[in-house]
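Biologist: Thanks for sitting down with me. Could you walk me through the pockets and the aromatic rings of this protein?

Modeller: Happy to, with the structure in front of us.

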Amino acid sequence: MRKSGVLLPVSGIPSKYGIGTFSKQAYAFIDSLEKAGQSYWQILPLGPTGYGDSPYQSFSTFAGNPYYIDLETLIEEGYLTKSDCEKYDFGDNDEYVDYEKIYFSRFKVLKTAFRNSNIEKKADFQTFVKENSYWLDDYALYMAVKNSFDGKSWSEWDEDIKLRKPAAMKKYREKYAEEVAFYIFQQYLFAKQWFALKEYANKKKIQIIGDIPIYVAFDSADTWANPELFQLDDTLTPVAVAGCPPDAFSATGQLWGNPLYRWDYHKKTDYAWWMKRIAYCYELYDVVRIDHFRGFDEYYSIPFGNPTAEYGHWEKGPGYEIFKTMKTQLGNKAVIAEDLGFLTKSVINLVKKTGYPGMKVLQFAFDPREESDYLPHNYTANSIVYTGTHDNDTTIGWYGQLSRRDKKFAKRYLNIRSNKDIQWEFIRAAMASVSDTCVIPMQDYLGLGGEARTNMPSTLGTNWKWRMLEGQFTDELAERIHDMTKLYGRLPKQSAGKS
């Protein structure tokens, strides 16, 4: 069945207090998606972020980002007053997140809410703690201990707690009991607010497309609590780390620095940790986009300590076996395989064997020197088409940078007669394509340029900051999106008769 959706990170919602949250504006965004005849809201990973603010480098693969907890809801529930929130500086630019100001204010406000909550006596809180103890206990202790060591990575902690010796675990759990309880409280609020928002979306027939990064951060509760899962030596130092080899975009490749998996160990456990991780994703989301799908076929291994990714090599991943296990244990789940970049024959075969739809990105299509798999006439129905992803420039920003030759080809291919509202010609091409699903970044619907780009890979400082302004997603825009969605047969069935 043909469907479409919109890509917008939660951080991009125009909520109060400096960053997008699970706010009334998020509910309004879902209402607008419904008016626009959309079936999906695609977001980025929801985990708590650290240095660089990337959702792909999280302190936990299970925990949620406390920045997304809506403070206005906490005011309504009596945990906070308006003056509690307004005494802090969350930044003064509604179009961009000031992460430094958020970091130095958000936790102070949430600490006030925690002290006002008397939360530990509430039955639903106790149930949450019990049901999530398999990851929550380690995460909350990890964050409390990390704070006690001035934010240092667990690899720089004192030896006893770094190695999780029982006496040290007991000592720190008792010493920082209040801080541990505070981090559990944050996760309770996150889950309560997120699942309420997701339920609202689902009632409106909007499904959530979530994102699972293939790797976890070295500086994370996951690595600290489960070192046996990763390629670490006897001192718990990585043997090798993840990244991408040199290519046309980067002469020295991309050095991500994530620890690599010990796939032989995972196989022995029947991929138990992975199955828990994926099962939890399907509580959070309706559809899961698996980032860097290629890494399950072969992964790029860079010796730890190398300053660049130039001298890595490829090693075999778990292949189809992990997905066979997933289908056996969890059933047939909705998955999107992020299969972008250079694909070997074996990766292509793996995607085909799983049956998962791959991704098609229009911005990758327009090079007249060679026939591209990203040109719409080469698509198959079992695919997801995007004008661009969170790693691309906006369509207007990208089009403005195109070479003369590539722009000429794009104009000829799409029969473009005018540069006015050029993004709509690319949206039209995506919508008209044979791909079962079409997802368009919100910035393209708003007609924004490169200033609204979400992320530029391999850079720090300006990423993950863009926010939509209140009132930008107008009823007129929703109607225009609806009309195009209807024209190309992507409306949900219940909306098909709407004019």
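Biologist: What volume does the second largest pocket have?

Modeller: Please keep in mind that this is a predicted model. The volume computed for the second largest pocket is about 720 Å³.

Biologist: Which element gives the most to the lining of the second largest pocket?

Modeller: The lining has 28 residues, and F59, Y67, Y103, F107 and N147 are the closest to the pocket's centre. Elements giving two or more residues to this lining are α4 (99-117), α6 and α9 (177-203). With eight residues, the top contributor is α4.

Biologist: How many residues in the lining of the second largest pocket are nonpolar?

Modeller: Sorted by class, the lining includes seven polar and eight charged residues. The count of nonpolar residues there is 13.

Biologist: Let's turn to the rings. How is the aromatic pair of F62 and W135 arranged: stacked or edge-to-face?

Modeller: The model holds 59 aromatic pairs by the rule used here. In the pair of F62 and W135, the ring centres are 6.1 Å apart and the planes differ by 10 degrees. Planes under 30 degrees apart count as stacked, so F62 and W135 are stacked.

Biologist: How many residues apart are F62 and W135?

Modeller: F62 sits in the loop between β2 (40-42) and α2 (71-76), while W135 belongs to helix α6 (residues 133-148). The pair thus links distant parts of the chain, and the separation is 73 residues.

Biologist: Is F62 buried or exposed?

Modeller: The cut-off for buried is under 20% relative accessible area. W135, its partner, is buried at 5%. F62 has a relative accessible area of 6%, so F62 is buried.

Biologist: Which parts of the chain does the pair of Y261 and W273 tie together?

Modeller: Y261 and W273 form a tilted pair, with 6.0 Å between centres and 45 degrees between planes. Both Y261 and W273 are buried, and ring pairs link them into a cluster with others, including Y215, F230 and W256. The parts tied together, 12 residues apart in sequence, are the loop between β5 (254-259) and α11 (263-268), where Y261 lies, and, with W273, helix α12 (residues 272-284).

Biologist: Which ring does the charged end of R164 sit over?

Modeller: There are charges over rings to look at here, and R294 offers one, lying over the face of W314 at 3.8 Å from the ring centre. For R164, the charged end is 4.4 Å from the centre of the ring of W224.

Terms used. Residues numbered from 1 in each chain as written. Predicted model: local features only at pLDDT ≥ 70, side-chain atom pairs only at ≥ 80, totals over all residues. Heavy atoms only, no water. Phe/Tyr/Trp six-rings, centres within 6.5 Å; stacked < 30°, edge-to-face > 60°. Helix = DSSP H or I, 4+ residues; strand = E, 2+ residues; numbered from the N terminus. Buried < 20%, exposed > 50% of the residue type's maximum accessible area, 1.4 Å probe, protein only. Lys NZ or Arg CZ within 6 Å of the ring centre and 35° of its normal. 1 Å grid on protein atoms, 1.4 Å probe; cavity = no way out; pocket = protein on both sides within 12 Å on 5 of 7 lines; lining within 4 Å. Points joined across faces, edges and corners; volume = space filled by probe spheres on them. Nonpolar A, V, L, I, M, F, W, Y, C, P; charged D, E, K, R; others polar.
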